[in-house]
Amino acid sequence: MANPLHGSGPLRSRNASSSDEIQLRIDPVHGDLDEEIDGLHSRVRLLKGVAQEINAEAKFQNDFLSQLQMTLIKAQAGVKNNMRRMNKSIIQQGSNHVVHVVLFALFCFFVVYLLSKFSRR
């Protein structure tokens, strides 16, 4: 089994004087490292652009959700006010209905009384 600190590729590590340091030696046979670094650099730039787009989209979505939340709060307040008005209206209409029912009952009683008076004669 090979030692992971001693590679066989273009980058090889050497034992350093301190145990915390690792020194790398670039093998001149593999000279295409600059091209690989340039390719990695362009990919990093591409990833940076994607990350910035994701950030912009996240901010847009957050603003949209905040506006939606405010709209829902306003709608909820409007529904609450309308329900309060409807309850007041039902209470007022309910008392008017009771008055109408009592008047109708009195009218029916009066009609029945008059019919009974006239039917005796």
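The following exercises, with worked solutions, concern a predicted model of a protein.

**Exercise 1. Overall architecture**

Determine how many helices and strands the protein has, and in which order the elements run.

*Solution.* Begin with the count: the protein contains 1 helix and 2 strands. Next, follow the chain from the N terminus; the order of the elements is β-β-α. The helix, α1, covers residues 33-120.

**Exercise 2. Burial and surface**

State what percentage of the residues is buried, and what share of the accessible surface belongs to carbon and sulfur atoms.

*Solution.* First, take the chain, which has 121 residues; buried residues account for 2% of them. Then turn to the accessible surface, which amounts to about 11,500 Å². Carbon and sulfur atoms contribute 63% of this area.

**Exercise 3. A nonpolar patch**

Identify the residues that make the nonpolar surface patch, and classify Phe-64 as buried, partly exposed or exposed.

*Solution.* The patch consists of Phe-60, Phe-64, Leu-65, Leu-68 and Leu-72, and its area is about 520 Å². Among these residues, Phe-64 lies in helix α1. The relative accessibility of Phe-64 is 45%. Buried means under 20% and exposed means over 50%, with partly exposed in between. Phe-64 therefore counts as partly exposed.

**Exercise 4. Two charged patches**

Name the residues of the positive and the negative surface patch, and classify Lys-88 and Glu-36 by their accessibility.

*Solution.* Consider the positive patch first: it brings together Lys-80, Arg-84, Arg-85 and Lys-88 on the surface. Lys-88 belongs to helix α1. With a relative accessibility of 53%, Lys-88 falls in the exposed class, because that class begins over 50%.

Now consider the negative patch, which is formed by Asp-32, Asp-34, Glu-35, Glu-36 and Asp-38. Glu-36 is likewise part of helix α1. The relative accessible area of Glu-36 is 46%, so this residue is partly exposed.

**Exercise 5. An annotated segment**

Find which residues carry the UniProt feature "transmembrane region", and describe the helix and strand content of the chain there.

*Solution.* The unreviewed UniProt entry places this feature at residues 97-115. Examine the chain over residues 97-115: it is 100% helix and 0% strand. Finally, take the C-alpha atoms at the two ends of this segment; they are 27 Å apart.

Methods
Residues are numbered from 1 along each chain as its sequence is written. This is a predicted model: local features need pLDDT of at least 70, side-chain atom pairs count only at pLDDT 80 or more; totals for chains, interfaces and linings use all residues. Side-chain values use heavy atoms; hydrogens and water are left out. Helices (H or I, at least four residues) and strands (E, at least two) are DSSP runs, numbered from the N terminus. Buried means under 20% relative accessible area, exposed over 50%, partly exposed in between (1.4 Å probe, protein chains only). Accessible areas come from the Shrake-Rupley method with a 1.4 Å probe; for residues, only the protein chains shown count as cover. Patches are made of residues with over 30% relative accessible area and no salt bridge: like charges are joined within 9 Å, nonpolar side chains (Val, Leu, Ile, Met, Phe, Trp, Tyr) within 5 Å. A salt bridge is a side-chain nitrogen of Lys or Arg within 4 Å of a carboxyl oxygen of Asp or Glu. UniProt positions are given in the numbering used here, feature names are shortened, and annotations may be inferred rather than shown by experiment. Lys and Arg count as positive and Asp and Glu as negative; His and the chain ends are not counted. The place of a charge is taken as NZ of Lys, CZ of Arg, CG of Asp or CD of Glu.
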